[in-house]
Amino acid sequence: MWGPEDLLRWVALSVAGLVMVVAGWYVSSGEGRFGRQVGMLDLAVAGVVVACVGHVVWVLEGRRAVGERRRALLGEPLGTAAAGTDGAARIAGSDADGLVAGVGTRLFHRTGCLLAEGRGWSVGSRDEHVEAGRVACGVCRP
């Protein structure tokens, strides 16, 4: 999911933010008047912002990577234009083609479901799968 450059960016921003907070605290701790502490307080607040930016970038990069992985495994969501040409056609197979499930699996799928495609699972009727304790797939909704 995250690459080494993402880790390096996160560490760099977190360390920079921590250094700014510590420097602001250390310099302002020796000042007796509040007016002289304001500049260092600004530095410390900026340090917190820098560290937070590092965390947000880290989480957003992970979210992007998960989205890419999901699209690679499942294809585009049904509401998108790409799914209208590819994904919807795959899922639109009728139950007359049969429903498939693997040994020991919890779900049964349409034969064109992206989650079952290419697995060589056995074809059966809805009743057979329900009797085996399986439930319908949430992606292809047989």
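1. Tyr 26 counts as exposed in this predicted model, with a relative accessibility of 59%. The cut-off for the exposed class is over 50% relative accessible area, so Tyr 26 belongs to it.

2. Trp 25 is likewise exposed, at a relative accessible area of 56%. This value is also over the 50% cut-off, which means that Trp 25 is classed as exposed.

3. A search for aromatic pairs through the whole structure returns 2. In one of them, the rings of Trp 10 and Trp 58 have centres 5.4 Å apart. Their planes stand at 40 degrees, so this pair is described as tilted. As for location, Trp 10 belongs to helix H1 (residues 4–29), whereas Trp 58 belongs to helix H2. The pair therefore ties together parts of the protein that lie 48 residues apart in sequence.

4. The accessibility of these two tryptophans should be noted as well. Trp 10 is partly exposed, its relative accessible area being 27%. Trp 58 is also partly exposed, with a value of 22%. Buried residues are those under 20%, so neither Trp 10 nor Trp 58 is counted among them.

5. Trp 25 and Tyr 26 form an aromatic pair too. The distance from centre to centre is 6.5 Å, and the angle between the planes is 55 degrees. This arrangement is tilted. Both members have been described above: Trp 25 is exposed, and Tyr 26 is exposed.

6. Helix H2 spans residues 34–74 and contains Glu 61. Is Glu 61 buried or exposed? Glu 61 is buried, with a relative accessible area of 18%. The limit for a buried residue is under 20%, so Glu 61 meets it. When neighbours within four places in sequence are left aside, Glu 61 is in contact with Trp 2 and Asp 6.

7. The overall architecture may now be summarised. The protein has 4 helices and 4 strands. Along the sequence, these elements follow the pattern α-α-α-β-β-β-α-β. Three helices thus precede the opening strand, and the pattern ends with a strand after a further helix.

8. Some totals for the protein complete the note. Of its 142 residues, 25% are buried. The exposed area is about 9,300 Å², of which carbon and sulfur atoms supply 63%. Among contacts with a separation of 6 or more, 56% are between residues 24 or more positions apart.

Terms used. Residues are numbered from 1 along each chain as its sequence is written. This is a predicted model: local features need pLDDT of at least 70, side-chain atom pairs count only at pLDDT 80 or more; totals for chains, interfaces and linings use all residues. Side-chain values use heavy atoms; hydrogens and water are left out. Helices (H or I, at least four residues) and strands (E, at least two) are DSSP runs, numbered from the N terminus. Buried means under 20% relative accessible area, exposed over 50%, partly exposed in between (1.4 Å probe, protein chains only). Contact means heavy atoms within 4.5 Å. Accessible areas come from the Shrake-Rupley method with a 1.4 Å probe; for residues, only the protein chains shown count as cover. Rings of Phe, Tyr and Trp (its six-membered ring) pair if their centres lie within 6.5 Å; planes under 30 degrees apart count as stacked, over 60 as edge-to-face and the rest as tilted.
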